[in-house]
Amino acid sequence: MKKKPILFLALLSAVFFLFTTTNQVDAKTKSAKILSTRTLTKTPYHAVSGYLYTSAHLTKKAHNADNYPLTTFYATKSDTVRKANGNKAVYYYIKNGNGKVKGWIWRGHLVRIVDTSAKLKQFNALISLIDSTTTNTHNKIVSVLNTINNDTTLSDLVTKLTTLKNNLTNSSDIAKLNDIITIIKSDFSTSVNDLTNLVNALHTVNGTIQPL
């Protein structure tokens, strides 16, 4: 009678071992395929959800992002992968300040940390440059900014400002428009959100520009 529990436990152990082994084989066969890799400029993020994996093959979880809601992570690499379900996704390699928490995480689980004080300085610099141009040039710049909508790209805005600059004759205004274009190209990304924030911030300081 006493042998039955022992026999049951042995059978259970065998089944568990078989299940575990099968899962390990499945994990290997279903690993993500890396399609491309690129280096990123070191950028700070918060990880708001998801898991960090030991590699972009996504076969082994290293950390749960939920355990690090206030940790600043720095992204330095990006891999585009094809997951086991056939879908493409972009994963960033991130690590915290001391390098102890690190791994690959889906880009959609990251929120970029923005230095608001630096952005404010950029906005103020733009306002100062725009306000220091002659009245005619100032009004033309405002008109260009008012044409920005949800379909506008950074390239569109730079093209319009460059066209305006090329039609000016005042050397001082030309130099200032050059500076304005340089700031916009270097400090704002190609996303519509950044352009929207730019116009809305300019509107806040200078009421002649219509907010989006």
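**Reading the fold from a helix crossing**

Helices α3 and α4 cross in a right-handed sense (the near helix is turned clockwise from the far one by less than a right angle, whereas an anticlockwise turn would be left-handed). The model is a predicted one, in which local features need pLDDT of at least 70 and side-chain atom pairs count only at pLDDT 80 or more, while totals for chains, interfaces and linings use all residues. Residues are numbered from 1 along each chain as its sequence is written, and side-chain values use heavy atoms, with hydrogens and water left out.

The axes of α3 and α4 come within 10 Å and cross at roughly 160° (axes are lines fitted to C-alpha atoms, for helices over the stretch in contact, with angles from 0 to 180 degrees between N-to-C directions). The helices α3 and α4 are therefore roughly antiparallel to each other (over 145 degrees; under 35 is roughly parallel, 65 to 115 roughly perpendicular and the rest oblique).

These two helices belong to a protein with six helices and seven strands (DSSP runs numbered from the N terminus, H or I of at least four residues for helices and E of at least two for strands). Read from the N terminus on, the elements run α-β-β-β-β-β-β-β-α-α-α-α-α. Of the 212 residues in the protein, 32% are buried (under 20% relative accessible area, with exposed over 50% and partly exposed in between, for a 1.4 Å probe and protein chains only).

The largest nonpolar core (buried Ala, Val, Leu, Ile, Met, Phe, Trp, Tyr and Cys residues joined through side-chain atoms within 4.5 Å) has 18 residues, and those with the most contacts inside it are I141, L157, L161, L177, I180 and I184. At least two residues of this core come from each of α2 (116–131), α3 (135–145), α4 (154–166) and α5 (171–187). A second core, separate from that one, has 13 residues, among them Y45, A47, Y92 and I94.

Aromatic rings give another view of the structure. The count comes to three aromatic pairs, taking rings of Phe, Tyr and Trp (its six-membered ring) with centres within 6.5 Å, and calling planes under 30 degrees apart stacked, over 60 edge-to-face and the rest tilted. One of these pairs is edge-to-face, because the rings of Y68 and F73 have their planes at 80°, with centres 6.3 Å apart. Y68 is partly exposed, at 22% relative accessibility, whereas F73 is buried, with a relative accessible area of 0%. Elsewhere, charges sit over rings (NZ of Lys or CZ of Arg within 6 Å of the ring centre and within 35 degrees of the ring normal): the charged end of K61 is 3.9 Å from the centre of the Y51 ring, and K42 lies over the face of Y74, at 4.8 Å from the ring centre.

The loops between strands also hold buried residues. L58, in the loop between β2 (51–53) and β3 (61–64), has a phi near 60°, a positive value in a residue other than glycine, and L58 counts as buried at 17% relative accessibility. In the loop between β3 and β4 (73–82) lies A65, which is buried at 1% relative accessibility; A65 and V48, though 17 residues apart in sequence, have C-alpha atoms 6.5 Å apart in space. V101, in the loop between β5 (88–96) and β6 (102–106), is buried with a relative accessible area of 9%, and the C-alpha atoms of V101 and T71, 30 residues apart along the chain, are separated by 9.6 Å.
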